[in-house]
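Here are my notes for anyone opening this one for the first time. Have a look at the picture, then read the points in order.

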Amino acid sequence: MGVDTWIWITLALIGGSLLALVGVAAFVWWRFTTSDEKRLVRRITKLRFGDKLSLAGALFRDPRVSVVPSVIAVALVLYLAMPLDIIPDFIPILGYVDDVLIVVIGAGLLLRSIPPKVLDEHVSRFEATAAGPDGTGRRKPPRGLPSGG
């Protein structure tokens, strides 16, 4: 066997190990989260993208939330923007596995570092805003923009 073959075998073993690690990490995270946390995560995923960004901003401005979630979020963004990875992104499929693993772990740490009552309060506020004043799910267009009709 040539050197190229050993390189591919090594990469396959590393990739398989990382895939197994992602699977185990996802299972452990899913298993150890309480049903209240799962419900809260489902509620967050139902929010619109803009509301999720506004939720993040509101949580980071809330004085009841410590500085830890901000540090986790900044570290997560810096890692994803960094050109150097555990496995380089130019390797097909395997290059993105480490990014997915870091995002899953970072999201779990973020959710656990924010007090649940504070998170629930903010999510409820954004859900009420998304429902609209009449409860139909329709929002008024933002001021200053055409209504589209």
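1. One cut-off before anything else: a residue is called buried when its relative accessible area is under 20%, exposed when that value is over 50%, and partly exposed in between. Keep in mind, too, that this is a predicted model.

2. Let's try the cut-off on Ala-58, which sits in helix 3. Is Ala-58 buried or exposed? Its relative accessibility is 8%, so Ala-58 goes down as buried. Setting aside neighbours within four places in sequence, the contacts of Ala-58 are His-122, Arg-125 and Phe-126. Ala-58 can also be paired with Leu-119: the two are 61 residues apart in sequence, while their C-alpha atoms are 9.8 Å apart in space.

3. Now step back to the whole chain. You'll find six helices and zero strands, so to speak a run of α-α-α-α-α-α when read along the sequence. There are 149 residues, and 25% of them count as buried. The chain exposes about 10600 Å², with carbon and sulfur atoms supplying 70% of that area. If you take the contacts between residues at least 6 apart in sequence, 64% of them join residues at least 24 apart.

4. Which residues make up the largest nonpolar core? It has 12 residues in all: Leu-40, Ile-44, Leu-47, Leu-55, Ala-58, Leu-59, Val-65, Ile-114, Val-118, Leu-119, Val-123 and Phe-126. At least two residues of this core come from each of helix 2 (35–46), helix 3 (49–61) and helix 6 (116–131). Helix 6 gives the most, with four residues. As background, nonpolar side chains tend to be buried together in soluble globular proteins.

5. Leu-119 is a handy residue to click on in that core. Leaving out neighbours within four places in sequence, Leu-119 is in contact with Leu-40, Ile-44, Leu-59, Leu-111 and Ile-114. Another core lies apart from the largest one; it has seven residues, including Leu-18, Val-22, Val-97 and Leu-101.

6. Val-22 turns up again when you look at Val-104. These two valines are 82 residues apart in sequence, yet the C-alpha to C-alpha distance between Val-104 and Val-22 is 8.6 Å. Val-104 belongs to helix 5, and its relative accessible area is 29%, so Val-104 counts as partly exposed.

7. Next, look at how helix 4 (residues 68–81) meets helix 5 (residues 94–113): their axes come within 9 Å and cross at roughly 170 degrees. That angle makes helix 4 roughly antiparallel to helix 5, because any angle over 145 degrees is put in that class. On the helix 4 side, the contact is made by Val-68, Pro-69, Ile-72, Ala-73, Leu-76, Tyr-79 and Leu-80. Helix 5 brings Asp-98, Asp-99, Ile-102, Val-103, Gly-106, Leu-109, Leu-110 and Ser-113. Sorted by class, the residues in this contact are 11 nonpolar, two polar and two charged.

8. Finally, don't skip Asp-62, in the loop between helix 3 and helix 4. Is this aspartate buried or exposed? Asp-62 has 9% relative accessibility, so it counts as buried. Not counting residues up to four places away in sequence, Asp-62 touches Val-118 and His-122. Both partners are worth a second look: Val-118 is one of the residues of the largest nonpolar core, and His-122 is among the contacts of Ala-58.

Conventions
Residues numbered from 1 in each chain as written. Predicted model: local features only at pLDDT ≥ 70, side-chain atom pairs only at ≥ 80, totals over all residues. Heavy atoms only, no water. Axes fitted to C-alpha atoms, helices over the stretch in contact; angles between N-to-C directions. Parallel < 35°, antiparallel > 145°, perpendicular 65-115°, else oblique. Contact = heavy atoms within 4.5 Å. Nonpolar A, V, L, I, M, F, W, Y, C, P; charged D, E, K, R; others polar. Buried < 20%, exposed > 50% of the residue type's maximum accessible area, 1.4 Å probe, protein only. Areas by Shrake-Rupley, 256 points an atom, 1.4 Å probe, with all protein chains shown as cover. Core = buried A, V, L, I, M, F, W, Y, C linked by side-chain atoms within 4.5 Å.
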